[in-house]
Amino acid sequence: MNETAPPTLTALTTYLLSRVGKTARGRLADRLAGRGLRLWHMAVLAALADFGPHAQRDLAARLAIHPSDVVKVLDELAVAEWVERVRDPKDRRRVRVSLTAAGRIALAELEADAREVQDRLLEPLNASERGVLNELLLRVHGQLPY
């Protein structure tokens, strides 16, 4: 344990979550940056893989990304041929986004990177403890406003 942190703070679960979360996010962001990507790229690919094709605007809402920012992310993913955008035939104003086969492969590689980062971060915990931690965090996450 970091003995330079005040015990008053380390007694607060919220402080510990914040410190661990900041470290986890930074490490994952660094790993993705090595591929020229950001966390939003992975989030978009994951959402499309998990929930299927989306209207561009709905994807922005699902991920709580400003619509103009999601357009930039989708532009970059489309250049890599990881997503495909087509006009909705029922409403030509809507753009539907779907994951390509290359996007699925890319997501699998990004997930492997994320799991490596996670394994290093959670190294002090055994498999059972990691499962308990994940279950508890899922419970807290489930009640957060989105």
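This report walks through a predicted protein model, from its overall layout down to a few single residues.

## The big picture

Let's start with the parts list. The protein has seven helices and three strands. If you follow the chain along its sequence, the pattern reads α-α-α-β-α-α-β-β-α-α. So you can trace it yourself in the structure above: three helices come up before the first β, and the pattern ends on two helices.

How big a box do the C-alpha atoms fill? Taken along the principal axes, the box comes to roughly 60 × 30 × 25 Å.

## Inside, outside and contacts

The protein counts 146 residues, and 26% of them are buried. On the outside, about 10,200 Å² is exposed, and carbon and sulfur atoms supply 56% of that area.

Now for who touches whom. Take the contacts between residues at least 6 apart in sequence: 48% of these join residues at least 24 apart.

## Charges and rings

The protein carries 22 positive and 19 negative charges. Work out the mean position of each group, and the two points turn out to be 6 Å apart.

What about aromatic rings? A pair of aromatic rings is described by the distance of the centres and the angle of the planes. In this model there is nothing to describe that way, as the number of aromatic pairs is zero. There is a ring with a charge over it, though: the charged end of Arg-62 sits over the ring of Phe-51, at 3.7 Å from the ring centre.

## Two loop residues with a positive phi

Here's a bit of background on backbone angles. Most residues other than glycine have a negative phi. Ala-64 has a positive one, with phi near 55°. You'll find Ala-64 in the loop that runs between α4 (56-63) and α5 (67-79). Is Ala-64 buried or exposed? Its relative accessibility is 56%, so Ala-64 counts as exposed.

Glu-81 also has a positive phi, near 65°. Look for Glu-81 in the loop between α5 and β2 (83-88). Glu-81 counts as exposed because its relative accessible area is 56%, and the cut-off for exposed is over 50%.

## Two residues in helix α6

Helix α6 covers residues 101-121, and Glu-116 is one of its residues. Glu-116 has a relative accessible area of 40%, so it is partly exposed. Which residue can we pair Glu-116 with across the sequence? Try Leu-28: the two are 88 residues apart in sequence, yet their C-alpha atoms are 9.3 Å apart in space.

Ala-106 lies in helix α6 too. Why does Ala-106 count as buried? Its relative accessibility is just 4%, and anything under 20% is called buried. Along the chain, Ala-106 is 61 residues from Leu-45, while the C-alpha atoms of Ala-106 and Leu-45 are separated by 8.5 Å.

## One residue in helix α7

Finally, have a look at Val-140 in helix α7, which spans residues 127-142. With 45% relative accessibility, Val-140 counts as partly exposed, because that class lies between the 20% and 50% cut-offs.

How far is the C-alpha atom of Val-140 from that of His-54? The separation is 27 Å, for two residues that sit 86 residues apart along the chain. Put that beside Glu-116 and Leu-28, which are 88 residues apart in sequence and 9.3 Å apart in space.

Methods: Residues numbered from 1 in each chain as written. Predicted model: local features only at pLDDT ≥ 70, side-chain atom pairs only at ≥ 80, totals over all residues. Heavy atoms only, no water. Phe/Tyr/Trp six-rings, centres within 6.5 Å; stacked < 30°, edge-to-face > 60°. Lys NZ or Arg CZ within 6 Å of the ring centre and 35° of its normal. Helix = DSSP H or I, 4+ residues; strand = E, 2+ residues; numbered from the N terminus. Buried < 20%, exposed > 50% of the residue type's maximum accessible area, 1.4 Å probe, protein only. Contact = heavy atoms within 4.5 Å. Areas by Shrake-Rupley, 256 points an atom, 1.4 Å probe, with all protein chains shown as cover. Lys, Arg positive; Asp, Glu negative; His and termini not counted. Charge placed at Lys NZ, Arg CZ, Asp CG, Glu CD.
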